[in-house]
Amino acid sequence: MIGGESLEFEIRPNPAPVSAAERAALLANPGFGRVFTDHMVTIRYAEGKGWYDARVEARAPIPMDPATAVLHYAQEIFEGLKAYRVDDGLTMFRPDANARRFRESARRMAMPELPEQVFIDSLAALVEIDREWVPDDPDGSLYLRPFMFASEVFLGVKPSSEYLYLVIASPVGPYFKGGAVAPVTVWVSTDYTRAAPGGTGAAKCGGNYATSLVAQAEGIEHGCEQVVFLDAVERRYVDELGGMNVFFVFDDGSLVTPPLTGTILPGITRDAVIALAGEQGHEVREELYSFDQWRADAASGRLREVFACGTAAVLTPVGTVRSADGEFVIGDGGTGEVTSRLRRTLVDIQRGRVADTHGWVRRLP
Ligand SMILES: *Cc1c(COP(=O)(O)O)cnc(C)c1O
């Protein structure tokens, strides 16, 4: 069914699922990305045939020929979103936005575009069969990881003619222990860049992460939890963190975030924050902001708060900024009020504790 807008999933329940007692023990302290559910979704694609063999089956290793294209040329994309347990059922946050971004990433990487409805159906099918794995913990959630890679066995350099799409799921606890959001120290990388104009910065591909790891390691060596990348052309303007977008909050209540010029990932959390900040009376400007200006504004006190945002940690305050030239502190180095309020509003919407006036929350059957 080429370009089909929906697919039937064949359901093959795991014959040996984890026992209820063992699952409860795993859910008590799942951490992040180490515990996985009983099932996975797989869908195959072949040129001339389209998407086929959609299945929900036991989570298992995927045997691969050593000449599988992705292992050599990294044609791979992924997504990340969460399913939540709310009072009367299960929900996902903006899966349609992830579906659209997955198609856009595919296009950039010369991969076939999975129909958005199939993407959303694949998530719903996995959450349905693994619903017992969605944590009860009011701060927990089931992290969903859809991804797709080039599966053709061929060493020639060209877009693969075959692909495998999968979804796996991982229960996660509160990202921050005790629910308290501790400010992080960030390392501004002046040696490495993440994405250049015309490159893959706006695509959610594994390759972007591969290039970021050496800078992340450098940051960790300097006692920092996260890395901030500057633009690849002038090495002056803030792009984003390794896996999170960034916002600056000023003394007049306005917010600045780098614009989507193709070198940063268009975060869904970023988009939600822009909408919510506007509703809370903040002017939000999507404009270039240089590292020099950042340092000067922190020194003058004009800059009050900085936060990073993404699905995994929602909003993370930045307390200290470190680079090869030294360091400076944002405000008093603590968590700012604007950051706290935006975080609370977003989490309350995601968890069904306040009305979802944007149509962001998708209820699962
Ligand atoms: C996924 C990602 C983000 C955050 O996107 P969300 O949709 O908010 O989770 C930010 N930057 C990079 C590089 C990412 O890969």
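In this predicted model, the residues that line the largest cavity divide into four nonpolar, five polar and one charged. The lining is made up of Gly80, Leu81, Lys82, Tyr84, Phe93, Asn98, Ile268, Thr269, Thr311 and Gln350. The volume of this largest cavity is about 70 Å³, and the structure holds one cavity of 30 Å³ or more. Strand 5 (81-86) and helix 6 each supply at least two residues of the cavity lining. Strand 5 provides the largest share, three residues. Both domain 1 (10-174) and domain 2 (179-350) are represented, with at least three lining residues drawn from each.

The division into domains applies to the protein as a whole, which is split into domain 1 (10-174) and domain 2 (179-350). A distance of 27 Å separates the C-alpha centres of domain 1 and domain 2. Contact between the domains involves 19 residues of domain 1 and 19 residues of domain 2.

The largest pocket was also examined. Its volume is about 730 Å³. The lining of the largest pocket consists of 34 residues, of which Lys204, Tyr209, Gly243, Met244 and Ala312 are the closest to the pocket centre. Two or more lining residues are given by each of strand 7, helix 5 (206-221), strand 10 (226-230), helix 6 (268-279) and strand 15 (303-310). Among the elements, helix 5 contributes the largest share of the pocket lining, five residues. By residue type, the lining of the largest pocket comprises 16 nonpolar, 12 polar and six charged residues. The largest pocket lies between domain 1 (10-174) and domain 2 (179-350), because both domains give residues to its lining. Helix 6 gives two or more residues to the lining of the largest pocket and at least two to the lining of the largest cavity.

Within domain 2 (179-350), Glu240 was considered in its surroundings. Glu240 is located in strand 11 (residues 238-241). Its relative accessible area is 2%, and Glu240 is therefore buried, the cut-off being under 20%. The Glu240 side chain reaches the backbone nitrogen of Leu265 at a distance of 2.9 Å. Leaving aside residues up to four places away in sequence, Glu240 touches Arg194, Gly201, Val227, Val228, Phe229, Asn245, Val246, Thr263, Ile264 and Leu265. Leu265 thus appears both among the residues touched by Glu240 and as the partner whose backbone nitrogen the Glu240 side chain reaches.

Backbone geometry was examined at two further buried positions. Most residues other than glycine have a negative phi, and most peptide bonds are trans. Arg94 has a positive phi, near 50 degrees, and is a residue other than glycine. Arg94 occupies the loop between strand 6 (89-93) and helix 3 (95-108). With a relative accessibility of 12%, Arg94 counts as buried. Val314 likewise has a positive phi in a residue other than glycine, with a value near 60 degrees. Val314 belongs to strand 16, and its relative accessibility of 9% places Val314 in the buried class.

Exposed positions were found in loops. Val157 is in the loop between strand 7 (141-150) and strand 8 (162-172). At a relative accessibility of 72%, Val157 counts as exposed, since the cut-off for this class is over 50%. Val157 and His72 are 85 residues apart in sequence, and their C-alpha atoms are 9.2 Å apart in space.

Asp325 is situated in the loop between strand 16 (314-323) and strand 17 (326-329). Its relative accessible area of 65% makes Asp325 exposed. Between Asp325 and Asp88, 237 residues apart along the chain, the C-alpha separation is 52 Å. Strand 16 (314-323), which borders the loop of Asp325, also holds Val314.

Note on methods
Residues numbered from 1 in each chain as written. Predicted model: local features only at pLDDT ≥ 70, side-chain atom pairs only at ≥ 80, totals over all residues. Heavy atoms only, no water. Helix = DSSP H or I, 4+ residues; strand = E, 2+ residues; numbered from the N terminus. Buried < 20%, exposed > 50% of the residue type's maximum accessible area, 1.4 Å probe, protein only. Polar contact = N/O pair within 3.5 Å; in protein donor to acceptor, adjacent residues only side chain to side chain. Contact = heavy atoms within 4.5 Å. 1 Å grid on protein atoms, 1.4 Å probe; cavity = no way out; pocket = protein on both sides within 12 Å on 5 of 7 lines; lining within 4 Å. Points joined across faces, edges and corners; volume = space filled by probe spheres on them. Nonpolar A, V, L, I, M, F, W, Y, C, P; charged D, E, K, R; others polar. Domains from an automatic or database assignment.
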